[in-house]
Amino acid sequence: MPGITKIGKYLVRRELGKGAMGVVYEGFDPVIERTVAIKTILPQQLGGAQAADVLARFKREAQAAGRLNHPGIVAVYDYGEVVAEDDHTLVVSSGSSVDEGPKVAFIAMEFVKGRELRDFFEADERFPLREVQRLMTEILTALAHAHLHGVVHRDMKPANLIVLENGSVKIADFGIARVEKSELTQAGTIMGTPAYMSPEQFMGQTVDGRSDIFSCGVILYQFLTGEKPFTGNTTTIMYKVLREEPLAPSLLNVALPAGLDAVVKTAMAKNPDDRYQSAAAFVEAIEQAVATPVPVQDVRAMEQTVV
């Protein structure tokens, strides 16, 4: 969309990023004088059936995040489907024909300055254990709010976690979120990012908040070890998630408190019934493990002494 200047009531300032299906802009709401991020989808660039599915998920993102009001979740302000204006277009209404300009679906959301957690991991930047505890607590507390309001994220991963300049973290992108009682949710549909997906997601089963718990267990594993617990191509990852247990974090980081191995194992249990049943329970388990700072290597040394 070259030269685009306005989407709905929002003035477009600059392009922030581009993907296969749309563009994210920095925008400005002149009515209340607020800077926003505007995520767009171009339906005409998609095939008929694909367009309907993508637009349904896109609208669901607005519906899901729009139900939530929490400092740890990127806020959604507005959703619309309009004809965008460019340098050569007069003011048009949302009822105008596609010929007058590119038709776009958009979500206007909170403009967040920060870095994706993925960037830290890819740069091999490690966090002190207390920082890991704080960040996981913020993430899980925000998730608890979402789960309380009937929203399951279903794509928790480092790329959807934004670390702000002040060090706090926000959850973004509820694009494949499941909203309870929504006709847009279909059992048997596999959605997510393979390395962070729960077993029930791979099997196309209906998921609940415990699937997000599994994904956060994977994120905690990365925090603690610098490695993903499940790697390979999609087929290999799926087999490992369904059938194999990853190495205990303490085997990759011997300075960890002994209790964290059990915390990660519980969070990433194959059966949802064996996981933490709530984000709050996961937070409490991390807190208890970190508060008992006995490194695994010391435990092993003590065991050898006893023998």
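This is a short guided tour of a predicted model, with a selection to make at each stop.

**The whole chain**

Begin with the whole protein in cartoon view, where 10 helices and 12 strands can be found. Of the 307 residues in the protein, 48% are buried. Among contacts between residues at least 6 apart in sequence, 64% join residues that are at least 24 apart.

**The largest nonpolar core**

Next select Met136, Leu140 and Phe282, which have the most contacts inside the largest nonpolar core, a set of 67 residues. Then add helix 5, residues 209-225, which supplies 9 residues to this core, the largest share. Apart from this core lies another one, of 14 residues, and to find it you can select Ile7, Tyr10, Val12 and Ala108, which are among its members. In soluble globular proteins, nonpolar side chains tend to be buried together.

**Around Phe282**

Return to Phe282 and show its surroundings, leaving aside the neighbours within four places in sequence: it is in contact with Met136 and Leu140, with Ile213, Cys216, Gly217 and Leu220, and also with Val263, Ala267 and Tyr276.

**Helix 8 against helix 9**

Now select residues 260-267, which form helix 8, together with residues 279-290, which form helix 9; their axes come within 9 Å and cross at roughly 165 degrees. Because angles over 145 degrees count as roughly antiparallel, helix 8 and helix 9 are described as roughly antiparallel to each other. The crossing of helix 8 past helix 9 is left-handed. To see the residues that meet, show the side chains of Leu260, Val263 and Ala267 in helix 8, and those of Phe282, Ala285, Ile286 and Ala289 in helix 9. The residues of this contact divide into 7 nonpolar, no polar and no charged.

**Two loop residues with positive phi**

Most residues other than glycine have a negative phi, and most peptide bonds are trans. With that in mind, select Glu33, in the loop between strand 3 (23-29) and strand 4 (34-41). Glu33 has a positive phi of about 55 degrees although it is not a glycine, and at 63% relative accessibility it counts as exposed, because the cut-off for exposed is over 50%.

Finish at Arg154, in the loop between strand 9 (151-152) and strand 10 (161-164). Arg154 also is a residue other than glycine with a positive phi, in this case near 75 degrees. Its relative accessibility is 8%, so Arg154 counts as buried, the cut-off for buried being under 20%.

Conventions: Residues are numbered from 1 along each chain as its sequence is written. This is a predicted model: local features need pLDDT of at least 70, side-chain atom pairs count only at pLDDT 80 or more; totals for chains, interfaces and linings use all residues. Side-chain values use heavy atoms; hydrogens and water are left out. A nonpolar core is a set of buried Ala, Val, Leu, Ile, Met, Phe, Trp, Tyr and Cys residues joined through side-chain atoms within 4.5 Å. Buried means under 20% relative accessible area, exposed over 50%, partly exposed in between (1.4 Å probe, protein chains only). Helices (H or I, at least four residues) and strands (E, at least two) are DSSP runs, numbered from the N terminus. Contact means heavy atoms within 4.5 Å. Axes are lines fitted to C-alpha atoms, for helices over the stretch in contact, and angles run from 0 to 180 degrees between N-to-C directions. Angles under 35 degrees count as roughly parallel, over 145 as roughly antiparallel, 65 to 115 as roughly perpendicular and the rest as oblique. A crossing is left-handed if the near helix is turned anticlockwise from the far one by less than a right angle, and right-handed if clockwise. Ala, Val, Leu, Ile, Met, Phe, Trp, Tyr, Cys and Pro count as nonpolar, Asp, Glu, Lys and Arg as charged, and the others, Gly among them, as polar.
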